[in-house]
Amino acid sequence: MRTPVIETERLILRPITIDDAEAAFERWTSDPEVTRYMIYNTHRSVEDTKAWLSTVDIESDTAFDFAVCIKDEDNYMCGSCGIYYKPEIDCFSTGYNLAKDHWRKGYGTEVMTALVKFGTEVLHQRVLHSSFNKDNAVSGHVLQKCGFEITGEGKGTKLDGQTPFEFFDMRYRVPSSKETYKLYNGVEIDPVGFGTYKCDNGSVRNALDMGYRYLDTASFYYTEEVVGSEFRESGLKRGEVFIASKIWPTQFGYEQTFKAFEESVSKLGTDYLDLYLVHWPKLSARDNEWKRKLIETWKAMEKLYKDGKIKAIGVSNFLPHHIRVITENCNIKPMVDQLELHIGYMQQYAVDYCRANDIHVQAWSPVGRGRLNEDETVLKFARKYEVSPQKLMLKFLIQQGISVIPKANNPVNMKNNLDLYDFTLSDDDMSFLMSLPERGFSGEYPDLVEFEGRM
Ligand SMILES: NC(=O)c1ccc[n+]([C@@H]2O[C@H](COP(=O)([O-])OP(=O)(O)OC[C@H]3O[C@@H](n4cnc5c(N)ncnc54)[C@H](OP(=O)(O)O)[C@@H]3O)[C@@H](O)[C@H]2O)c1
């Protein structure tokens with residue numbers, strides 16, 4: 001990848017040439033006031049710089065690609081800056097130098113803002129590194145203004161190879177996304193919610209304390225009461241927590257749906273649901289009446305939605321042919337489809353159908369309920385990104401705009417599952433993982449699964 005030319009309001013950042021490097025080097029080193037602060041230069045003489053540039057393959061070398069010069073609106077070569085991959089910290093590092101006659105004009109902020117934008121939006125980095133000489137408070141201020149935080153400190157020597165100096169290490173992190181996904185009716189949902197199937201007492205409270213604001217329950221899980229009581233214990237206001245529940249096929253029918261809804265909200269101790277899902281399209285393959293029952297159920301859900309008792313209505317485990325029973329016979333299309341989705345079981349046909357119809361896709365068993373913990377491919381990619389297999393699996397989904405609802409009783413797992421914003425899977429790795437042969441499937445296929453006798 002070649003360095004793109006970036007134009008900011010007043011500056012142009014473009015790949016550095018030998019002439020640029022020479023001009024910059026002469027300018028910096030001839031001004032003691034500038035060299036006082038210089039910690040980014042890696043070469044001690046212009047010959048060194050030239051020798052280095054001559055080894056670089058301009059067409060392909062990444063180190064060179066991100067060395068750029070700064071030209072102002074008058075085309076004056078007023079500085080240099082760069083963004084380089086540093087293998088020792090496994091992170092891209094950024095920095096800049098400006099000619100003294102260009103200090104105090106806001107150029108530093110303009111350069112760093114452009115580099116951060118390039119690093120996060122073009123290179124898809126969630127974390128960037130920088131550092132500044134402790135004597136150079138202005139540089140530190142510029143970096144902080146651009147969102148960097150001090151994460152450590154160190155010692156080095158200046159260009160003369162002798163004068164010691166101390167520096168602060170800094171990191172920029174893409175803000176731990178307040179990003180939400182928007183349903184087609186405008187309701188917003190978090191990318192990461194908390195699943196409560198088989199959750200222990202105390203887990204919901206822990207999850208809320210750790211920052212989860214989305215709880216997924218269902219009449220089938222028998223966790224509605226515990227979700228309600230631990231939500232109240234948390235002291236959070238109802239409007240601060242998104243609660244989703246589900247109706248089980250034995251509760252289907254027009255009047256029965258109102259009853260099921262009332263039972264759920266009363267167990268939860270609330271008077272409305274943020275999301276109500278039809279848990280499965282049918283109880284078993286032998287149920288010839290499922291379409292009629294589903295239509296009746298959905299019509300009652302539409303009424304509850306119109307009456308404001310549910311903020312959004314959706315389905316779960318519905319394939320396109322199940323969704324069409326609703327869209328061809330009712331008025332309101334589902335807003336969500338919650339499906340079993342994880343690496344090795346992506347149900348791409350159903351996901352594509354939902355996307356084409358503006359139905360938000362949510363993943364249940366997003367970490368494969370433990371079935372993928374030993375999978376060689378998952379482990380290989382987890383090692384590559386230096387994250388746990390579960391973090392890899394969750395990021396793989398939210399990076400596609402699919403929300404996830406992992407369940408974790410272990411508080412460490414619970415916390416890790418929320419912390420997904422410090423790495424990004426490359427497009428090639430996403431493509432590879434999306435296309436893997438099937439693995440980790442629960443076996444619960446909606447048209448074959450047998451729930452007769454359960455609940
Ligand atoms: N709509 C549906 O039909 C349907 C079906 C199934 C599930 N769901 C919903 O989806 C939620 C999640 O699905 P799920 O419970 O089947 O499976 P899951 O979330 O994929 O897996 C849960 C298991 O993974 C472990 N785990 C989670 N995070 C981990 C981490 N960071 N490191 C190591 N282990 C980790 C948990 O261990 P610990 O508990 O020991 O931490 C637990 O054993 C459910 O709770 C439920 O709300 C919906």
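This passage looks at a pocket, two loop residues and a ligand site in a predicted model.

The second largest pocket comes first. About 840 Å³ of space lies inside this pocket. Its lining is made up of 27 residues, and the ones closest to the centre are D90, Q125, Y385, F423 and T424. Several pieces of secondary structure help to build the wall: β5 (91-98), β8 (164-173), α13 (376-385) and α16 (427-434) each give two or more residues to the lining. Helix α16 makes the largest contribution, with three residues. As for chemical character, the lining is a mix, with 12 nonpolar residues, 10 charged ones and five polar ones. And where does the second largest pocket lie relative to domain 1 and domain 2? Residues from domain 1 (6-173) and from domain 2 (181-434) both take part in the lining, so the pocket sits between the two domains.

Next come two residues with a backbone angle worth a look. Q347 is not a glycine, yet its phi is positive, near 40°. Residue E386 also has a positive phi without being a glycine, and here the value is near 55°. Both are loop residues: Q347 belongs to the loop that runs between β16 (336-340) and α12 (348-356), while E386 belongs to the loop between α13 and α14 (389-398). Are these two residues buried or exposed? Q347 has a relative accessibility of 16%, and it counts as buried because the cut-off for that label is under 20%. For E386 the relative accessible area is 62%, and this residue is exposed because that label applies over 50%. So Q347 is on the buried side, whereas E386 is on the exposed side.

Finally, there is the ligand. It has 26 residues around it, and those that come nearest are D216, Q338, S365, R369 and N409. Which atoms of S365, G368 and N410 pair up with oxygen atoms of the ligand? In S365, one of the nearest residues, an N or O atom of the side chain is 2.6 Å from a ligand oxygen. With G368, the backbone is involved instead: one of its polar backbone atoms is 3.3 Å from an oxygen atom of the ligand. N410 also uses its backbone, where a polar atom lies 3.0 Å from an oxygen atom of the ligand.

Notes. Residues numbered from 1 in each chain as written. Predicted model: local features only at pLDDT ≥ 70, side-chain atom pairs only at ≥ 80, totals over all residues. Heavy atoms only, no water. 1 Å grid on protein atoms, 1.4 Å probe; cavity = no way out; pocket = protein on both sides within 12 Å on 5 of 7 lines; lining within 4 Å. Points joined across faces, edges and corners; volume = space filled by probe spheres on them. Helix = DSSP H or I, 4+ residues; strand = E, 2+ residues; numbered from the N terminus. Nonpolar A, V, L, I, M, F, W, Y, C, P; charged D, E, K, R; others polar. Domains from an automatic or database assignment. Buried < 20%, exposed > 50% of the residue type's maximum accessible area, 1.4 Å probe, protein only. Near = heavy atom within 4 Å. Polar contact = N/O pair within 3.5 Å; in protein donor to acceptor, adjacent residues only side chain to side chain.
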